Amino acid sequence: MNQKKVLMNFRVNGEEAQVAASPNRLLLEVLREELNLTGTKLGCDDGSCGACTILVEGVPSQCCMMLAISYQNREITTVEGLAQNGQLDPLQKAFCTEGGQQCGFCTPGILMAARALLLENANPSVQEIGQALAGNICRCTGYTKIIAAIQRAARDYQEAAEKEDRVAI
């Protein structure tokens with residue numbers, strides 16, 4: 001049965017977006033199919049693998065179980081929103097350098113969980129990184145390279161902030 005479409009407004013990756021969609025559409029479906037932001041992945045379809053992790057107002061959220069209509073007018077960041085002006089975010093660069101992306105399927109969700117962690121904690125311990133990634137499952141060889149990438153990104157963010165401070169003085 002077709003449901004009547006309604007207009008929904010979002011702020012995605014810093015830009016306003018308006019979508020006509022059925023009220024029962026999931027946010028993951030709207031992001032991927034209506035806004036063509038295919039970086040966010042559908043893994044388990046029950047919120048337990050973390051492949052669909054996005055940030056809603058800076059908080060990691062698994063969008064495979066979220067009705068899009070419930071997130072209207074909220075600030076949503078997908079993995080596509082990490083890169084700025086055609087340049088990879090230091091976190092994305094660190095994943096490339098350390099081999100943290102492995103097969104790549106879980107990487108967008110892990111990047112978003114890691115980004116949220118680094119926004120709150122500029123120098124997380126291995127244990128804190130593990131806790132932040134607890135909802136993100138990687139089926140490759142493990143988390144060693146992922147953790148190394150997040151630690152490298154933390155150092156890179158700190159070095160960049162120190163350079164900005166020196167320039168501002």
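Start by selecting Asn73: its relative accessibility is 60%, so it counts as exposed (over 50% relative accessible area, against under 20% for buried and in between for partly exposed, with a 1.4 Å probe and protein chains only). Before you click further, note that this is a predicted model, in which local features need pLDDT of at least 70 and side-chain atom pairs count only at pLDDT 80 or more, while totals for chains, interfaces and linings use all residues. Residues are numbered from 1 along each chain as its sequence is written, and side-chain values use heavy atoms, with hydrogens and water left out.

**Stop 1: asparagines with positive phi**

Stay with Asn73 and check its backbone: phi is near 60°, a positive value in a residue other than glycine. Asn73 sits in the loop that runs between strand S4 (59–62) and S5. Helices here are DSSP runs of H or I with at least four residues, strands are runs of E with at least two, and both are numbered from the N terminus.

Now go to Asn85, in the loop between S5 and H2. Its phi is positive too, about 50°, although Asn85 is not a glycine. Is Asn85 buried or exposed? With 78% relative accessibility, Asn85 counts as exposed.

**Stop 2: the whole chain**

Zoom out and switch to a cartoon. You should find five helices and five strands, and reading along the sequence gives the pattern β-β-α-β-β-β-α-α-α-α. The radius of gyration is 17 Å, close to the 15 Å of the globule rule for 169 residues, so the chain is as compact as a globular protein of that length. That radius is taken over C-alpha atoms, and the rule is 2.2 Å times the number of residues to the power 0.38. The C-alpha trace spans about 55 × 40 × 25 Å along its principal axes.

Of the 169 residues, 40% are buried. Look at contacts next (heavy atoms within 4.5 Å): among those between residues at least 6 apart in sequence, 55% join residues at least 24 apart.

**Stop 3: helix H1**

Select residues 27–34, which form helix H1, and show the side chains of its buried residues: Leu27, Leu28, Val30 and Leu31. Which strands do they pack against? The buried residues of H1 pack against strand S1 (6–12), strand S2 (15–21), strand S3 (53–56) and S5. Step past the helix to Asn36, which follows H1 and has a positive phi near 55°.

**Stop 4: the largest nonpolar core**

A nonpolar core is a set of buried Ala, Val, Leu, Ile, Met, Phe, Trp, Tyr and Cys residues joined through side-chain atoms within 4.5 Å. The largest one has 25 residues, and those touching the most other members are Leu91, Phe95, Ile110, Leu118, Leu133, Ile146 and Ile150. Colour helix H2 (90–98), helix H3 (107–120) and helix H5 (144–168), since each supplies at least two residues of this core. Which helix gives the most? H3 does, with eight residues.

Centre the view on Ile110 for a closer look. Leaving out residues up to four places away in sequence, Ile110 touches Phe95, Leu133, Asn136, Cys138 and Ile146. Then select Ala17, Val30, Leu37 and Cys64, which are among the members of a second, separate core of 20 residues. Val30 is one of the buried residues you displayed in H1.

**Stop 5: Ala83 and Gln92**

Return to the loop between strand S5 (75–77) and H2, and pick Ala83. Ala83 is partly exposed, with a relative accessible area of 28%. Neighbours within four places in sequence aside, Ala83 is in contact with Leu88, Asp89 and Gln92. A distance label from Ala83 to Val56, 27 residues apart along the chain, should read 17 Å between C-alpha atoms.

Follow the contact to Gln92, found in helix H2. This residue counts as buried, at 11% relative accessibility. Outside the residues up to four places away in sequence, Gln92 touches Val79, Leu82, Ala83 and Leu111.

**Stop 6: Cys103**

Finish in the loop between H2 and H3, where Cys103 lies. At 58% relative accessibility, Cys103 counts as exposed. Add Cys140 to the selection: the two are 37 residues apart in sequence, and their C-alpha atoms are 6.9 Å apart.
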